[in-house]
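Trainee: I would like to learn how to read salt bridges and exposure in a model. Could you take me through them step by step?

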Amino acid sequence: MAGLKNIQGGLEYTIIQSNAVLDDESHPLYSIRAVIEALDEISQGIAVIPRSERELVQNPKHRREFYPHHFDDSGKGDSLGGAPDISRVEELVARTIECEQAQESEEGWNCDVQWPIARLALELSVHVNRLQLKNMSVA
């Protein structure tokens, strides 16, 4: 990573200390403010479940309570692609638990959890024909 950071046009990391950075039009990250805000909402579980899936995910076997803010009433999610079948999500959750319990290596997480999540997200995205996944672990 240090080598990539030092080459001309290499990687540059910016740590956002506060949301004030996103309000500063002169800041380089201002142009991607909507992306950062959307990722922040996703990380908090805001509007991540299509309203049409409410009954299915609130099945007692899931051992989790969902709140109104978890569900997307706007239809915005539908405009980006479909929701995965709950059984596929449950499979990924099971893999995640296994990796966590086994204290799996980064490579294990990449193969068992992160790559399948990325593939599932792309498969259901309206951008499936414009995007391509590549393994860049040895860039």
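**Reading salt bridges**

Mentor: Let us begin with one pair: Glu91 and Arg95 form a salt bridge, their closest N and O atoms lying 2.8 Å apart. The model is a predicted one, in which local features need pLDDT of at least 70 and side-chain atom pairs count only at pLDDT 80 or more, while totals for chains, interfaces and linings use all residues. Residues are numbered from 1 along each chain as its sequence is written, and side-chain values use heavy atoms, with hydrogens and water left out.

Trainee: What is a salt bridge, and how many salt bridges does the count come to?

Mentor: The term stands for a side-chain nitrogen of Lys or Arg within 4 Å of a carboxyl oxygen of Asp or Glu, and by this rule the count comes to 2 salt bridges. Glu91 and Arg95 both belong to helix H6, 4 residues apart, which is about one turn of the helix; helices here are DSSP runs (H or I, at least four residues), numbered from the N terminus. In another salt bridge, the side chains of Glu123 and Arg88 meet at 2.7 Å, N to O. That pair links distant parts of the chain, with Glu123 in helix H7 (residues 106-124) and Arg88 in helix H6 (residues 86-101), 35 residues apart.

Trainee: Is Glu123 buried or exposed?

Mentor: Buried means under 20% relative accessible area, exposed means over 50%, and partly exposed is in between (1.4 Å probe, protein chains only). Glu123 counts as partly exposed because its relative accessibility is 44%, and Arg88 is partly exposed at 34%.

Note on methods
Helices (H or I, at least four residues) and strands (E, at least two) are DSSP runs, numbered from the N terminus.
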